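Reader: Could you walk me through this model, taking one element at a time and explaining the terms as they come up?

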Amino acid sequence: MTSPPRLEFLAAGGNRHPSAADWVPGLLAFGAGNSIALWNPDDPLTTGITALLNGHTDTVNAVKIVDAFSRRFLISGSSDTTIRIWHEQPRDQYPPFREWTCVTGHSGAVNSIAPLTAKGIFASGAADGTVKVWQIGAEGVALVQSISLKPRFLPLALALVELSGDNIVLAAAGTTASIQLYGRHAGGEFELQATLTGHDGWIRSLNFLPPDAERSNDILLASASQDKYVRLWRMRKDDAVTANGTDGSIIKQAKVSLSNKTQHVGFEYGKYAVAFEALLVGHEDWIYSARWLPRSDRTAQSAPPTLLTASADNSIAMWSVAEASGLWMCNTRLGEISSQKGSTTATGSTGGFWIGLWGPNGTSIASLGRTGSWRRWSFDKVSDTWDQALGVSGHTQDVAGVSWAPDGSYLLTTSHDQTTRLFAQWIRGDDISWHEVARPQIHGYDLNCIATTSPHQFVSGADEKLLRVFDTPKPVDRLIRNLENQPNPMNGHAIPDTDEDTTESLALPETAAMPVLGLSNKAIPTAETDADATTETADDPSMSLLPTATPSHEFHLARHTLYPEREKLYGHGHEISCVAASPTHPLIATACRASSLDHAVIRIYNSDTWREVKPPLEAHSLTVTDLSFSADGKWLLSVGRDRQWVLWRYNVSSVADPLAIGVFVKVKADVKGHARMILSCAWAPSRGKSGSDQAEQYVFATASRDKSVKIWRLQPSSPSAKDFEASETEVTLLHTLKATSAVTAVAFSATTCSADSMPVTLAFGTETGEIGLCTLAQTSETTDWPSATVKMIDRGLCPSKSITALRFRPGFNRGPEMLAIGSEDSSVRLLTI
């Protein structure tokens, strides 16, 4: 630990709120749980999310980026009723933004924020039925005005625009079908001046298109509603209408078939007439977001006013005025626009788009879907098309379990968002980045635990009474290999596999499909190896759609990367709580939630026959919270809510049956191992002389809610005996590490080096999100390990909520040691130690 840990990768899903993201050059900030994620979509290295800003204690609903006072600020609003303002730090400091001030004026969840950068003010709307106006100063933020909305509604959308004559207009809408326009002159207060009616549902988004002297001095307001329509409103300066000698008749003549009552906003020398301009019809479901194409040096000269809308009908639309007819038309539509749209999450339905954002230069767009993943499109001028680009993705609920592949080639994570995700690295010469490559399991229950049984198979447990075993399909296996081995990003051919890998890969299933009314991923059988079958396989749409040389896009992840289900493991009576796979034997150990002795058992399954090895292991009286096999598979450690840890020894069966498997026998238990429930356990790497049980030393650690980690050494005194009695096994407490809060996860470094002088690193995580590292032993001969110095990882690199899982990446051949972290803040992190 000579150098501080470094963040290698960060994954987190976005919050489903239309106001929870903003995009400026070099930065897209979005709400991710209680945090704010920072991502540069234009990063050529495709690093993904670079930081999570922690501070809020509840879901972040609104995020805006403001450039003022020669600095860049982030303004965030949350369900914790606070508004926090973050200022950018120098480039060499981490995280890139630091909290500057926290405003606590609202008494309800803050749902919308609208800044007016030129004036240094912003408005916030909250569930307390008020809109508050704030002034940003050099010293802090001051409340300027509080507006109580009458008739009372919850403001879900706000927009500010500056008019001529030092006038400002504030538009507010939400849980009502009308839009209220407030005007302010000079340093006065906002006054209600107009109410725009016409929508039939809640209004989810408002956006002003400011006046442009080169095109028009008119101002356009777009309002997106749950009535499936977007309405456009034109604000035209009164003196411009009067100069034509019509006294406003020009506005009144437009579209007499729809209500077009003219109203006025502004004050003397700055009055504007507001009238209905157009009704945009085309979406088939609620419209969450409407954004005007930003004015930039590249777009101001040529591009007409263009509106981007995102809807729950799985589509994003771009609207502009047709030159021939002068009507507003949809000229581009992106997203799911085919008969393949799924009717359920399992069949690939994304549940619509909640956010649609223009890139700063107008040549790219980003959209957030129901799965918490960002999709991105870039405009190709040569082909005149919008092409998909790599986005970012992550879990949207608590991450419950993480598990590395035995060879460290990928990381599997499970979450209460009912998905299992696979992350792998993409190597392009010296450039390395991590991406979500597959989504093996989309379930109907919250997923609690996961374990890999081989490089091509894993088992997961959820809030159901059974476990499910999955096999890697060939396209995903091929993609993982190509991303790791491909020497040139422009070369579509991967390095040839070894004979052993090729043989194993040939046995893999081709792909999987999910029935609409089912939870089991069904394998699509591999075609026979004849000429006709080869042609059919090549024409299979699912085969051709999955990329072979680049990470998967969200379209592929949601539809074409499901793993086929191999087996179901029955036996438990309640929800599955933990699972572990033996590294050396075909065995899987599982446990379920329990409040009695009958259910607090550990069940062992043979992964060759998928049958339970009976009898179940009985020792605990409450839920078993964690299970761990030793590196050689000879020992199983179990810990539980009953405050005890139990050691089980694997005894090889002597029956001359090739399918016979050994059994585990209880050897040692400590009913008072900790003062409170034990939440996690782990084995240290094996030490001692190979081939001599007498010289081997087994060290394990237990983590508890009593704010401590205890390190124990196990040394069988009679390894030649067939039955191990408790009196024949010595377990001594080597060291106790103290933490500041309950310790929820623990892991040892995965060092498998033959040199016993290598130090052992222990990592532990707490329920407050802190992570500690300590070096424990230099040599295997040490009888009493010295008191270890705990180094806490910088808080900016740690999650904001409880740590649920810690796993070191196995194998030194893949570079420096890497620690995978799962947390209740929905994030997955990889730290290079």
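Reader: Why does the span of helix α3 agree with its number of residues?

Author: This is a predicted model, in which local features need pLDDT of at least 70 and side-chain atom pairs count only at pLDDT 80 or more, while totals for chains, interfaces and linings use all residues. Residues are numbered from 1 along each chain as its sequence is written, and side-chain values use heavy atoms, leaving out hydrogens and water. Helix α3 (a DSSP run of H or I, at least four residues, numbered from the N terminus) holds twelve residues, 474-485, and because the expected span is 1.5 Å times one less than the number of residues, its end C-alpha atoms should be, and are, 16 Å apart.

Reader: How many residues of α3 are buried?

Author: Buried means under 20% relative accessible area, with a 1.4 Å probe and protein chains only. Among the residues of α3 that meet this are Val476, Leu479, Ile480 and Leu483, and also Lys474 and Arg481. The count for the helix is ten of twelve.

Reader: Which strands are the edges of the open sheet β27-β28-β29-β30?

Author: Strands are DSSP runs of E, at least two residues, and two of them pair if DSSP finds at least two bridges between them. The four strands of this sheet pair antiparallel, with five bridges joining β29 (residues 374-380) to β30. Pairing on one side only marks the edge strands, β27 (353-358) and β30 (385-389).

Reader: Which residue in β30 stands opposite Phe379?

Author: Strands β29 and β30 run antiparallel. Opposite Phe379 stands Trp386.

Conventions: Buried < 20%, exposed > 50% of the residue type's maximum accessible area, 1.4 Å probe, protein only.
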